[in-house]
Amino acid sequence: MHGALLLVGLLAHAADRTSTAAALSNDSIHRLAPAAFRQLPVSVRRDLERRGCLVPQPWDRPTPTNVIRGAFTRASVAEWAVLCSVREISQILIYRRAPSSSAHVVDSLARSPDSAWVQSVGEGRWGYSRLIKVRPRHRMRGWRVDVDRNRIPQPIDHDAIEQDFLEKTAEAFYFARGRWYRRITAD
């Protein structure tokens, strides 16, 4: 009986910690409107606003981040990747500008609750810790297989999108032949 009570007590404590972390996490996430990113093409900003996107910011970055530019789905194209948060759920949206100067989403990745990316940052503080950045092709030259042991098409001729959980782990997403390949890049 005593063991069962101890187990119930431990489970209640864990549930209380989880609900406290979730409550703190929503207060710990600073999000910026698309207008804060002047480097974005107007058509991309407008689409983000239409979707109701805000861009969550890592707790330790002094300047706006989580908006990147590269060639993410094929070589020699100009694309933008934006971490879009709507109703506390984020995903990476990949935009390409059409010749008509409009922008459209060509794909999306890594949808997850914003609260999953919050961690203790010391002294009782919580901080959002998801960061996206460009992983240039020259840093992927030796890649042959992804985490699921799928062969990555060669040659690697464009960038990948890297997603970091600050000070914990990182993974990169590389697109080729109609699908995304995922590689762990740090742990």
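# Notebook: loops, hairpins and an open sheet

I began with glutamate 88, which I found in the loop between strand 4 and strand 5. I am working from a predicted model, and I keep that in mind for every entry below. Glutamate 88 counts as partly exposed, with a relative accessibility of 39%. I then looked up its distance to proline 56, a residue 32 positions away along the chain, and the C-alpha atoms of the two are separated by 9.3 Å.

**The loop next door**

I stayed with this loop, since arginine 87 also lies between strand 4 (79-86) and strand 5 (89-97). Its phi is positive, at about 50 degrees, although arginine 87 is not a glycine. The hairpin that strand 4 and strand 5 make has two residues between the strands, and arginine 87 takes its positive phi within that hairpin. Is arginine 87 buried or exposed? I noted a relative accessible area of 76%, so arginine 87 is exposed.

**The strands on either side of the hairpin**

I followed the two strands away from the turn and found that strand 4 and strand 5 pair in the antiparallel sense, over eight bridges. As one example of this pairing, I wrote down leucine 83, whose bridge partner in strand 5 is isoleucine 92. Strand 5 also pairs with strand 6, again running antiparallel and again joined by eight bridges. Here I picked out arginine 96, which stands opposite histidine 104 in strand 6. How many of the nine residues of strand 5 are buried? I recorded seven, and strand 5 is therefore mostly covered, given that buried means under 20% relative accessible area.

**Another positive phi**

I looked next at glutamate 123, which has a phi near 55 degrees, a positive value in a residue other than glycine. Glutamate 123 has its place in the loop between strand 7 and strand 8 (125-128). With a relative accessibility of 79%, glutamate 123 counts as exposed.

**The whole chain**

I stepped back to see where these pieces belong, and the chain as a whole has two helices and twelve strands. Read along the sequence, the order is α-β-α-β-β-β-β-β-β-β-β-β-β-β. Of the 187 residues, 43% count as buried, and the accessible surface of the chain comes to about 10,500 Å², with 51% of it belonging to carbon and sulfur atoms. I also checked how far apart in sequence the contacting residues are: among contacts between residues at least 6 apart, 49% join residues that are at least 24 apart.

**The open sheet**

I turned to the later strands, where four of them form an open sheet in the order 9-10-11-12, with antiparallel pairing. Which strands stand at the edges of this sheet? They are strand 9 (130-135) and strand 12 (179-186), and each has a single partner strand, so one side of each is left without a neighbour in the sheet. Neighbouring strands here are turned by 25 degrees against each other on average, with direction ignored. Inside the sheet, I noted that strand 10 and strand 11 (residues 169-176) pair in the antiparallel sense over five bridges. Aspartate 164 stands opposite alanine 170, which is in strand 11.

**A cis bond before strand 10**

I looked into the loop between strand 9 and strand 10, where proline 155 lies. The peptide bond that joins glutamine 154 and proline 155 is cis, with an omega of about -5 degrees.

**Rings**

My last entries concern aromatic side chains, and the count of aromatic pairs comes to two. One of them is formed by tryptophan 117 and phenylalanine 165, a tilted pair with 5.3 Å from centre to centre and 50 degrees between the planes. Why does this pair tie together parts that are 48 residues apart in sequence? The reason is in their places, because tryptophan 117 lies in the loop between strand 6 (103-113) and strand 7 (118-122), whereas phenylalanine 165 lies in strand 10 (residues 160-165). Both tryptophan 117 and phenylalanine 165 are buried. I closed with tyrosine 181, over whose ring the charged end of arginine 179 sits, 4.2 Å from the ring centre.

Conventions: Residues are numbered from 1 along each chain as its sequence is written. This is a predicted model: local features need pLDDT of at least 70, side-chain atom pairs count only at pLDDT 80 or more; totals for chains, interfaces and linings use all residues. Side-chain values use heavy atoms; hydrogens and water are left out. Rings of Phe, Tyr and Trp (its six-membered ring) pair if their centres lie within 6.5 Å; planes under 30 degrees apart count as stacked, over 60 as edge-to-face and the rest as tilted. Helices (H or I, at least four residues) and strands (E, at least two) are DSSP runs, numbered from the N terminus. Buried means under 20% relative accessible area, exposed over 50%, partly exposed in between (1.4 Å probe, protein chains only). A charge sits over a ring if NZ of Lys or CZ of Arg is within 6 Å of the ring centre and within 35 degrees of the ring normal. Contact means heavy atoms within 4.5 Å. Accessible areas come from the Shrake-Rupley method with a 1.4 Å probe; for residues, only the protein chains shown count as cover. Two strands pair if DSSP finds at least two bridges between them. Axes are lines fitted to C-alpha atoms, for helices over the stretch in contact, and angles run from 0 to 180 degrees between N-to-C directions.
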